[in-house]
Amino acid sequence: MASFVGAIAITDLVKTTLGPKGMDKILQSTGRGHAVTVTNDGATILKSLHIDNPAAKVLIDISKVQDDEVGDGTTSVVVLAGELLREAEKLVAAKIHPMTIISGIKLLRALTCYLVLISI
């Protein structure tokens, strides 16, 4: 359950930067000079975080892969994955087995791919 908390915290951090009313974040470097950066770019925020939580690290890795492959949508992919984790946390709390939850997410992914293909 602690992994859920860390990942959801990352999601909540970058979610507020989305949209036309997205908020800027102030980042202060911990290195020499203590440089201060103001940004609302999710990728920049995620790159500056030093995280020990495994689930939160996965979200940051998802953002890096999205940036490398597409160059855009880094915040959106983190928010989507984080919201899936938020819902999975509720299901685990309701005593639903994690493998059942994973099967449902895989089914959702397959259905989404099918819907994208038929809409082309």
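**Exercise 1. Overall layout**

How many helices and strands are there in the protein chain? State their order and describe the extent of the chain.

Solution. The model is predicted.

Step 1. Count the elements: the protein chain holds five helices and two strands.

Step 2. Put them in sequence order, which gives the pattern α-β-β-α-α-α-α.

Step 3. Take the extent of the C-alpha trace, about 50 × 40 × 25 Å along the principal axes.

Step 4. Turn to the surface. The chain exposes about 8,200 Å², and carbon and sulfur atoms supply 63% of that area. Of the 120 residues, 25% are buried.

Step 5. Look at sequence separation in the contacts. Among those with a separation of 6 or more, 51% join residues 24 or more positions apart.

**Exercise 2. Thr11 in its surroundings**

Determine where Thr11 lies, whether it is buried or exposed, and which residues it touches.

Solution.

Step 1. Locate the residue: Thr11 belongs to helix 1, residues 2-15.

Step 2. Read its relative accessible area, which is 0%. Thr11 is therefore buried, since the cut-off for that class is under 20%.

Step 3. List its contacts, leaving out residues up to four places away in sequence: Leu59, Val78, Val79, Gly82, Glu83 and Arg86.

**Exercise 3. Helix 1 against helix 3**

Describe the packing of helix 1 and helix 3, and classify the residues that make the contact.

Solution.

Step 1. Choose the descriptors. Two packed helices are described by the angle between their axes and the distance between the axes.

Step 2. Apply them: the axes of helix 1 and helix 3 cross at roughly 35° and come within 6 Å.

Step 3. Name the residues. Helix 1 contributes Ser3, Gly6, Ala7, Ile10 and Thr11, while helix 3 contributes Pro54, Ala55, Ala56 and Leu59.

Step 4. Sort them by type: six are nonpolar, three polar and none charged.

**Exercise 4. Helix 3 against helix 4**

Carry out the corresponding analysis for helix 3 and helix 4, and add the handedness of the crossing.

Solution.

Step 1. Helix 3 (residues 54-69) and helix 4 (residues 74-93) pack at about 145°, with axes 8 Å apart.

Step 2. The crossing of these two helices is right-handed.

Step 3. On the helix 3 side the contact involves Leu59, Ile62, Ser63, Gln66 and Asp67; on the helix 4 side it involves Thr74, Val77, Val78, Ala81, Gly82 and Leu85.

Step 4. By type, this contact has six nonpolar residues, four polar and one charged.

**Exercise 5. Helix 4 and its buried residues**

Compare the length of helix 4 with the expected value, then identify its buried residues and their packing partners.

Solution.

Step 1. Helix 4 has 20 residues and reaches 29 Å from first to last C-alpha, close to the 28 Å expected.

Step 2. Its buried residues are Thr74, Thr75, Val78, Val79, Ala81, Gly82, Arg86 and Ala88.

Step 3. These residues pack against helix 1, helix 2 (42-48), helix 3 and helix 5 (98-119).

Step 4. Beyond the helix comes Lys95, with a positive phi near 70°.

**Exercise 6. Met1**

Find the position of Met1, its exposure class and its contacts.

Solution.

Step 1. Met1 sits in the segment before helix 1.

Step 2. Its relative accessibility is 52%, so Met1 counts as exposed; the cut-off is over 50%.

Step 3. Outside its neighbours within four places in sequence, Met1 contacts Glu89 and Val92.

Step 4. Compare sequence with space: Met1 and Ala93 are 92 residues apart along the chain, and their C-alpha atoms are 8.8 Å apart.

Key
Residues numbered from 1 in each chain as written. Predicted model: local features only at pLDDT ≥ 70, side-chain atom pairs only at ≥ 80, totals over all residues. Heavy atoms only, no water. Helix = DSSP H or I, 4+ residues; strand = E, 2+ residues; numbered from the N terminus. Buried < 20%, exposed > 50% of the residue type's maximum accessible area, 1.4 Å probe, protein only. Contact = heavy atoms within 4.5 Å. Axes fitted to C-alpha atoms, helices over the stretch in contact; angles between N-to-C directions. Left-handed = near helix turned anticlockwise from the far one by under 90°. Nonpolar A, V, L, I, M, F, W, Y, C, P; charged D, E, K, R; others polar. Expected span 1.5 Å × (residues − 1). Areas by Shrake-Rupley, 256 points an atom, 1.4 Å probe, with all protein chains shown as cover.
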